[in-house]
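Subject: Structure for you

Hello,

Here is the structure we talked about handing over. Please open it alongside this note; the findings follow below.

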Amino acid sequence: MQAKTSVVYSLRYHEARLWLFATAFTIGNILFPQLCHLVPKGGLILLPIYFFTLIGAYKYGWRTGLVIAVASPLINHLVFGMPPASALVPILVKSVALALIAGFVARRVGRATLPALFLVVVGYQLAGGIFETLTAGVGAALVDWKIGFPGLLLQLFAGWLVIRKMPEF
């Protein structure tokens, strides 16, 4: 039997809840990176800009995730200068891939499982890695895997816990 706390939704753009959750998770994606940047190379190691995109897209659907995926890096860049302009496009590509893959997997699986979230995290990293390989080389594509591995684990395990414990709305 499926636990209520792992129910996933697929919100549409005309629903106020999509905009409410997208705003809340975008704020999370703005504040969490600022906290992580207090640690040297914290952004590169913990990959915080993706955390709330993963949660929002998996729990509330690809449309919610897409709003978060585009708004978060753009607002962070405009307000804080992070990510830097040179990293903005690859981060946007990865964020959008994350939103689409998370929404698709959540819809297919119907609940939060570690294997499903593993598929999401690996999937968006591969999609982003292909883009980075084509535009900046293999070295750029491997940075998240080498330096950001703790962040990938954070997304997988903390993301799974948060999605499962979120109340239904």
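E15 and R17 form a salt bridge through their side chains, with N to O at 3.7 Å. The model is predicted, so treat this pair as part of a prediction. E15 is partly exposed, because its relative accessibility of 23% falls between the 20% and 50% cut-offs. R17, at 27% relative accessibility, also counts as partly exposed.

The count of salt bridges is three. The other entries centre on K94. K94 pairs with E132, and their closest N and O atoms are 3.1 Å apart. K94 sits in helix α5 and E132 in helix α6, so this bridge ties together parts 38 residues apart in sequence. K94 and E132 are both buried.

K94 also meets D144 in a salt bridge, at 2.5 Å from N to O. Here the link runs between helix α7, which holds D144, and helix α5, which holds K94; the two residues are 50 apart. D144 is buried, as is K94. Through shared partners, K94, E132 and D144 join into one network.

Next, the pocket. Which elements give two or more residues to the lining of the largest pocket? They are α2 (42–46), α5, α6 and α7 (138–146). The largest share, five residues, comes from α5. The volume of this pocket is about 500 Å³. Its lining has 24 residues, and G43, L44, P83, A87 and I91 lie nearest the centre. By type, the lining splits into 15 nonpolar residues, five polar and four charged.

Now the core. In soluble globular proteins, nonpolar side chains tend to be buried together. The largest nonpolar core in this model holds 38 residues. F25, Y50, Y58, Y60, V120 and Y124 touch the most other members. Two or more core residues come from each of α1 (16–36), α3 (51–60), α4 (62–80), α5 (85–109), α6 (114–136) and α8 (149–165). Helix α5 gives the largest share of this core, seven residues.

Y60 deserves a look of its own. What is Y60 in contact with, leaving aside neighbours within four places in sequence? Y9, S10 and L11 are among its contacts. So are F21, F25 and I55. M166, P167 and F169 complete the list.

One element to keep on screen is α5. It gives the largest share of the pocket lining, gives the largest share of the core, and carries K94.

Best wishes

Terms used: Residues numbered from 1 in each chain as written. Predicted model: local features only at pLDDT ≥ 70, side-chain atom pairs only at ≥ 80, totals over all residues. Heavy atoms only, no water. Core = buried A, V, L, I, M, F, W, Y, C linked by side-chain atoms within 4.5 Å. Buried < 20%, exposed > 50% of the residue type's maximum accessible area, 1.4 Å probe, protein only. Helix = DSSP H or I, 4+ residues; strand = E, 2+ residues; numbered from the N terminus. Contact = heavy atoms within 4.5 Å. 1 Å grid on protein atoms, 1.4 Å probe; cavity = no way out; pocket = protein on both sides within 12 Å on 5 of 7 lines; lining within 4 Å. Points joined across faces, edges and corners; volume = space filled by probe spheres on them. Nonpolar A, V, L, I, M, F, W, Y, C, P; charged D, E, K, R; others polar. Salt bridge = Lys/Arg side-chain N within 4 Å of Asp/Glu carboxyl O.
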